[in-house]
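Student: Can we go through the ligand site and a pocket, with the criteria behind each term?
Tutor: Yes, with the model in view.

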Amino acid sequence: MLILAFESSCDETAAAVVEDGRVIRSDAILSQVDVHALYGGVVPEIASRKHVEAIAALADRALAEAGITRQEIDAVAVTYGPGLIGALLVAVNFAKSAALALGKPLIPVHHLRGHIAANYLAFPQLEPPFLSLCISGGNSMIVDVAGYTDMTILGATRDDAAGECFDKIARVLGLPYPGGKPMDDLSQGGDPTKYPLPRAKLEHDLDMSFSGLKTAAVNLIHNAAQKGEPLDLPSLAASVTAAISDELIPRAMEAAHRTGRTVLTAAGGVAANRTIRANLEAACRENGLTLYLPPLSLCGDNGAMIGSQAYYEYLAGTRADSSLNAYANMAI
Ligand code: KG4
């Protein structure tokens, strides 16, 4: 089954063709990062306009790279939430038109379910049940994936997402947007114990919090600037990364312990972080868990992950029609 999938929930416009949920036939992405970098963050109105400019050409590119015609598609899929509402609406409306014009079924896909499904593209042997640590710019959560379309959130951030925490601290340090990768680069060789930063303790102990950490790091930077004290920037980036890692990994291990799941996957842009990947590997080894880490190319937003999840949604009977709407927030 060939699915043409679209994604426009934030600042990447993407179109892909995926076969039977597992094989990437094409994966066309146009990132708007350069435009938003000027403002230090995503400007929703600009994101929507850029998606409108790009999406039709990306659809043609995805088909051409897959070597198929429009008529050979079996279904059209699209991310319908969560994300920036104006941005989401672009791909939702394009996909609705494409499905209607071609007479193909339309499959709505939850963005985070897509991030989790990125692992199916990289690991043919991976099948539910497993746990997924979803860590992106907008979300941080531990999800129990009991089946391809049967998911429960075991713990989630109460405030900022892990990626947002990286991005906001990076901005105060004057690093380019999005700051996660520059922070990752800067932290290499730094001492992760040099700057003591807070770790959150929450009543529901699988939930996470990053806003206190963000404020503590920002205050530390401002205080040093006011006193004219130099900062050891690699060590500060390493200390921030260690605090974020400590927020995530012990909770993922605890979730595995409580549920008895033996397989853990990671998903989302922050899963590209070298330290977090290494720490996850070490923790899973220690706890006897099998770990699947998606390749860097599948960690960030892409259309292929939407096409993968769409296949399983299709098998489960999920369909939408022309009344499909986009949602800024929605349950997984
Ligand atoms: O999954 P994604 O592309 O978009 C969302 O759905 O949010 O994630 C983007 C986030 C950004 O916050 C970015 O700074 C972060 O992922 N990120 C990283 C790294 N690469 C991207 N964070 C830490 N280390 C990285 N290497």
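What follows is a short exchange on the ligand and one pocket.

Tutor: This is a predicted model, where local features need pLDDT of at least 70, side-chain atom pairs need 80 or more, and totals for chains, interfaces and linings use all residues. Residues are numbered from 1 along each chain as its sequence is written, and side-chain values use heavy atoms, without hydrogens and water.

Student: What makes a residue count as surrounding the ligand?
Tutor: One of its heavy atoms must lie within 4 Å of the ligand. 20 residues surround the ligand, and G137, D167, D184, G269 and D301 are the closest.

Student: Why is the pair between D301 and the ligand called a polar contact?
Tutor: The term needs a pair of N or O atoms within 3.5 Å. A side-chain N or O atom of D301 lies 3.0 Å from a ligand oxygen atom, so the pair qualifies. N273 also qualifies, because its side-chain N or O atom is 3.0 Å from a ligand nitrogen atom.

Student: How many residues of the shell around the ligand are charged?
Tutor: Four are charged, 11 polar and five nonpolar. Asp, Glu, Lys and Arg count as charged; Ala, Val, Leu, Ile, Met, Phe, Trp, Tyr, Cys and Pro as nonpolar; the others, Gly among them, as polar.

Student: Which classes make up the lining of the second largest pocket?
Tutor: That lining has 10 nonpolar residues, two charged and no polar ones. D60 and R70 are among the lining residues; Asp and Arg count as charged, so these two belong to that class.

How values were computed: Polar contact = N/O pair within 3.5 Å; in protein donor to acceptor, adjacent residues only side chain to side chain. 1 Å grid on protein atoms, 1.4 Å probe; cavity = no way out; pocket = protein on both sides within 12 Å on 5 of 7 lines; lining within 4 Å.
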